[in-house]
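Biologist: I would like to learn how to read a structure of this kind feature by feature, with the general idea before each case. Could we begin with a sheet?

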Amino acid sequence: MGVALTRAAQWTTASSGTGKLEITPQNASLLKEIQSFVEQFSARHPQEAKHVFKEPLQWKTSLEASDFKTEYDISGVSVVSREKDMSGRPLLHLSPPLISVLSFSQLSKLLQVANERKLKEVRSCLEANRDPVVQILGPSFATVEGEDSSVLRLLEKVKGGDPSEETEVKVKLLILLQQLDTQVLSSSLKQISQEVRLSPTAVKNEVELLKSFCGSGEKRLLKSVNYTSDYEFSNGCRSPPWRQVHGEICYLMVESCDTDTLYITCSTAGIFLNGGIKQEGEESAYDRIGDVYKDLVSLLKSHSAYFANQINTQDFVVQEEPPSTQKIPHVESVDAEEPGQTQRAYEHQEKNVHDRARQQLAPSKPGGKKNLEPSPKWKGLGLPSGQQEAEEKKKGKKAEKSTEKSAETQAKATRPDSRKKAEFSRSSLPVHQSSQKTKVAVDEFSESSSESDEDEETPERRPESNTDLPSEYWQIQKLVKYLKGGNQTATVIALCSMRDFNLAQETCQLAIRDVGGLEVLINLLATEEIKCKIGSLKILKEISHNSQIRRAIADLAGLQTMVCILDSPDKELKCLSAETIANVAKFRRARRTVRQHGGIKRLVELLDCVPDSAALTAEQERDVEVARCGALALWSCSKSTRNKDAIRRAGGIPLLARLLKSPHEDMLIPVVGTLQECASEESYRVAIQTEGMIEDLVKNLSCENQELQMHCASAIFKCAEDKSTRDLVRRYEGLQPLVRLLSEAENKHLLAATTGAIWKCSISIENVALFQEYHALETLVGLLMNQPEEVLVNVVGALGECAQKPANRTTIRKSGGIPPLVNLLTGTNQALLVNVTRAVGACATEPESMAIIDRLDGVRLLWSLLKNPNPDVQSSAAWAICPCIENAKDAGEMVRSFVGGLELIVNLLKSTNGEVLASVCASIAKIAKDEENLAVITDHGVVPMLAKLTDNTDDKLRRNLAEAIARCCMWGTNRVAFGEAGAVAPLVRYLRSKDPCVHQATAQALFQLSRDPNNCITMHENGVVKLLIEMMGSNDEVLQEASAGCVANIRRLALANEKARYS
Amino acid sequence: MSEMSAMNRKLIQNLAETLSRQVKHFNKTEAECLIRLFNGLLGDQTDKRVGNGLDRGKFRNILHKTFGMTDDMIMDRVFRAFDKDNDSYVAVKEWIEGLSVFLRGTLDEKIKYCFDVYDLNGDGYISREEMFHMLKNSLIRQPTEEDPDEGIKDLVEITLKKMDHDHDGRLSYADFEKAVREENLLLEAFGTCLPDAKSIQAFEQHAFQEPLES
């Protein structure tokens, strides 16, 4: 243990004394190793565990007396173990914060007690005892550099005639400790060997490179990079010699564009931030702050968001053109006799440029001089359809990429030696190494730069070495070579041959990409050769099932070309292009690209065909096929909101409506898929309803294909928010097929869509009657268990809607639906909770159901949901609580039994959400019916809180608030308190509301308040009498009575007043 | 003169009538147009050897100018495919029959036609050597390559692997037909010998519409 601790563990700073173990992964694993050793020690070696240490191990602990249980004597804060050594010392003694331990058995017990603080304890123990062996066995066993003779000494002792058992145990203990030591040491050695070692040259090169990106222009990466010292020692270091011994090479001050000046130490162990070394270092400034990075770029990337961003977008230029820059000659004679060859010839040329660039860089590697070209900037994707420009742009991109690549190779060159070594060994492989290498390099860059807008995109994974590439790889590479260097005949042969590979296999897909096949395939799309285009698209269509390929196609501007092909007169070409777009447009950026290049409009145009006539000519059938492919592409694209708009604007809706009449499932699936995707938009929902699509959707619910059924149900689910849509579904007899689909419980997606449709349809009471007739409720109750959440949300939603009818409440109860519903109240899914509370609340209106809910402690669960942070859940729970209080036996007692429950609900009156406030007011009105509870909530200050809410215009809130106020007036001096809190005047204004329900509740509240003379005066001042007299004329008896009562009170006060004056 | 041209017209109409019955894809008017075009192309040649038809040079000229073909060897083979009686002239009947496949052939007809074009020695098989011969200019020669023919040889092997279903090292008509049916792109596997859609459209417009207007 001793050797490992001194050598392997990373102690902070070089200064000795009570050092701290740094928090590094290496130390963590070391500590873990020691921890598990100690933990298992008493079980594995019970005898040795009892051995009493020479000196106690003592450290500051975070444990407290309360952590210890049996076998310990606890007195106040200190703890003493019952186990004692021979001289009566306790083996463990805790007097906070110090703890001392005398045996391994106690140590391992202690760790068991420590639970999640185990590592912390081990850490502080080792920090306090840097050589624990000394404490355990005695100072003669201290770890010394060089030869370790402790074992020999012990052996001598044994030999020397000290046969006591103790020595034997000691020997064993020592051996065990040394075993641990070797184990720990070897595991940390493994880590150390992987560690990077930087050299002064490597650092210098990287600094030089970064300096070339500094400046004042807009496209700079950094403001400045400077050494702290201009003096360079002969060994290349710039740090003072006494720091060089710590492996430090130099110190930098880097001014980035978005952070404070970064003070950086470059040491052989890596690069890290220091305490701010400017010109002359103070000792404390040398300390490391933060993590160690393997090179400067990665440090800067993690500290400067701007830097990382710029480097990822490659949006930067070399600030000062270095004099050594050489133009790379672009001369390469290629015979481009044949039309349609130019693209390929061009590609060829580009490739050569890359090769040259690479060749040039290779020799200059160690020197690392700047020979970068300034890269032209091509920003924005708004590219007009002109082929010329597209080509030009491509060229620009490539040029840019090549510069970037060379920059990366350069950065690579400055990386640590060990890396370089690995690369050399790789480059000793015969073929393909150079391009592979640069690719790997580029990937390393892109790996850390996740594009923030591409949420669906998976990160790249690629096998590190190219040693065991499959044979397909080489064959594909060869074919790509023929693609590049062949005329259309050779190209077609190569394309056909490539299709014979299993293109669904990832190795083949990635092989095509890795050998540069994607570029060629995409370039072929821009030629005039129809056959080459078809062949290329057939391959792209297959391989674009892979997300990495999709991304690469989008990066290579393939979508733009494919969109252009949609204009082609050749129908096969259109189909393939649309299908490929359908595959590629699976992520947001691609969908945006399609839209921005006019793809949506063209795809919508493809939909124009005659889908349903009985006898189609061959040509018409081909049109149908084109339309199908167009629908597929639109389906993919329709996942973006803007695209939904674009489809609508391009006139897609009537075309989709026409295709919906098609009898073919393979046409219907993409069409309905698109529609259900778009149905999230209001405009589509209206269109689906008015264009008569509901009928077709309903019809297809009864088809054979589950996928189609699912999309139809899902479309209905989204559209049935609207009442007339619900009625249409009923009119076209869609409810029965929906109920029938409930039996397909295996297909969860279908089930989720079906239950969703049923939920939304059941919002109409007429539909509920039909569902009742089809016995849907029993089935739905059966679905309350063992279903995924998306199904449950819908099932419970449907039950909640159905339970608004009394008969259904009975059905739910009889088919045993209440226990699972109450059970779901313990869930966490917010959408589910909103629906469950609604359903439980609906059931609670029936006394028998309420009895079950009460028995299952459902009200307590509902009440605890008031603590949920989501206002929807809060309000839904509060609404559900109202019928519970109304129908529960001994409701008052029940409510009081919830500890802190009343305070909780009163405090919700501080919410800012109108619905929450309304629901809580309703609950308070119910709670206040119980006098004792009313007293409690009054104590919690309900009166001023309600009074504060009176100034609002929300009728729902007004009504419930007025009810709550009316109820709360019943206690003590609350009437007066309301008046003093200024609640009366706003209440009078409620009578001017248009909602009769508000009038009733308000009149009741005013009637209660009018029993206090001062309130009567306020009311009168606010002109209440005229309003109340109007109210008295209403048909609502309750309202009449309350108004009349209030007026009577006011009148009585006036009379009493007069009487007092004249008598 | 007018009498002669009237008689000529009558002759042409009769010929068109018979030919349009024999040849699948053209109606009488179209056949008539094509005959006129043929006569026009014949031009002064007719004076000397009436009835012989278009010679190799003239025909190749048409292929090159109208249909954009470039490969000399393939153009030669197309001429032979048109010239069914092997008399080194494309007669009016051969012209119409040939164009029927060339412009409007069904897949079956085109397979047959292409096979005939590619079967250089007419022995009913496309051999390795024939393929090599036809593909030898299809790859750009890299100056660095040691054996410039290696790529072509490899391409031939790839093609055989793909199309030679009976594994006898050469393509029979059955092999060719099967491969093309599986993958239509292989129809013109050894060189362009059919016009593309654009030039067909241009030619038909030129042949069928303009003469009628005049």
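Modeller: Let us begin there, keeping in mind that this is a predicted model. Strands of a sheet pair through backbone hydrogen bonds, either parallel or antiparallel. In chain A, five strands form an open sheet in the order β6-β7-β8-β9-β10, and their pairing is antiparallel. At the edges stand β6 (222-227) and β10 (288-293) of chain A, each of which pairs on one side only, and the twist from one strand to the next averages 25°.

Biologist: How many bridges hold β6(A) and β7(A) in the antiparallel sense, and which residue stands opposite Leu222(A)?

Modeller: β6(A) pairs with strand β7 (residues 248-256) of chain A over five bridges, in the antiparallel sense. Opposite Leu222(A) you will find Ser256(A), which belongs to β7(A).

Biologist: What do β8(A) and β9(A) form, and how many residues lie between them?

Modeller: They form a hairpin, with two residues between the two strands. Strand β8 (residues 262-267) of chain A and strand β9 (residues 270-274) of chain A pair over four bridges in the antiparallel sense, and the bridge partner of Thr265(A) is Phe272(A) in β9(A). On to β10(A): β9(A) is joined to it by three bridges, again with the strands running antiparallel, and Leu273(A) stands opposite Ile289(A) in β10(A).

Biologist: Turning to helices, how should I read the way two of them pack, and at what angle do α55(A) and α57(A) cross?

Modeller: Two packed helices are described by the angle between their axes and the distance between the axes. Helix α55 (residues 1013-1021) of chain A and helix α57 (residues 1037-1062) of chain A have axes that come within 10 Å and cross at roughly 105°, which means that α55(A) is roughly perpendicular to α57(A). From α55(A) the contact is made by Pro1013(A), Cys1016(A), Met1019(A) and His1020(A), and from α57(A) by Asn1049(A), Ile1050(A) and Leu1053(A). By class, this contact of α55(A) with α57(A) has five nonpolar, two polar and no charged residues.

Biologist: What can be checked about a single helix, such as α45(A), from its span?

Modeller: Helix α45 (residues 871-887) of chain A has 17 residues, which at 1.5 Å a residue should span 24 Å, and its end C-alpha atoms are 25 Å apart, which agrees. Burial can be read as well: 13 of the 17 residues of α45(A) are buried, so this helix is largely enclosed by the rest of the structure.

Biologist: Is Asn523(A) buried or exposed, and where does it lie?

Modeller: Asn523(A) lies in helix α20 (residues 517-525) of chain A. It counts as buried because it has 24 C-beta neighbours inside 10 Å, where 20 or more are needed. Its C-alpha atom is separated by 8.7 Å from that of Thr561(A), although the two residues are 38 residues apart along the chain.

Biologist: How does chain A read as a whole, and how many helices and strands are there in it?

Modeller: There are 57 helices and 10 strands in chain A, and 44% of its 1063 residues count as buried. Among the contacts in chain A with a separation of 6 or more, 70% come from residues 24 or more positions apart.

Biologist: Finally, how many residues does each chain bring to the contact of chain A with chain B?

Modeller: Chain B brings 20 residues and chain A brings 19 residues. On the side of chain B that touches chain A, helix α9 (residues 150-163) of chain B gives the most, with five residues, and the residues of that side divide into 10 nonpolar, seven polar and three charged.

Key. Residues numbered from 1 in each chain as written. Chains lettered and ligands numbered in written order. Predicted model: local features only at pLDDT ≥ 70, side-chain atom pairs only at ≥ 80, totals over all residues. Axes fitted to C-alpha atoms, helices over the stretch in contact; angles between N-to-C directions. Parallel < 35°, antiparallel > 145°, perpendicular 65-115°, else oblique. Contact = placed C-beta atoms within 7 Å. Nonpolar A, V, L, I, M, F, W, Y, C, P; charged D, E, K, R; others polar. Expected span 1.5 Å × (residues − 1). Buried ≥ 20, exposed ≤ 12 C-beta atoms within 10 Å, placed from the backbone. Pairing = 2+ DSSP bridges.
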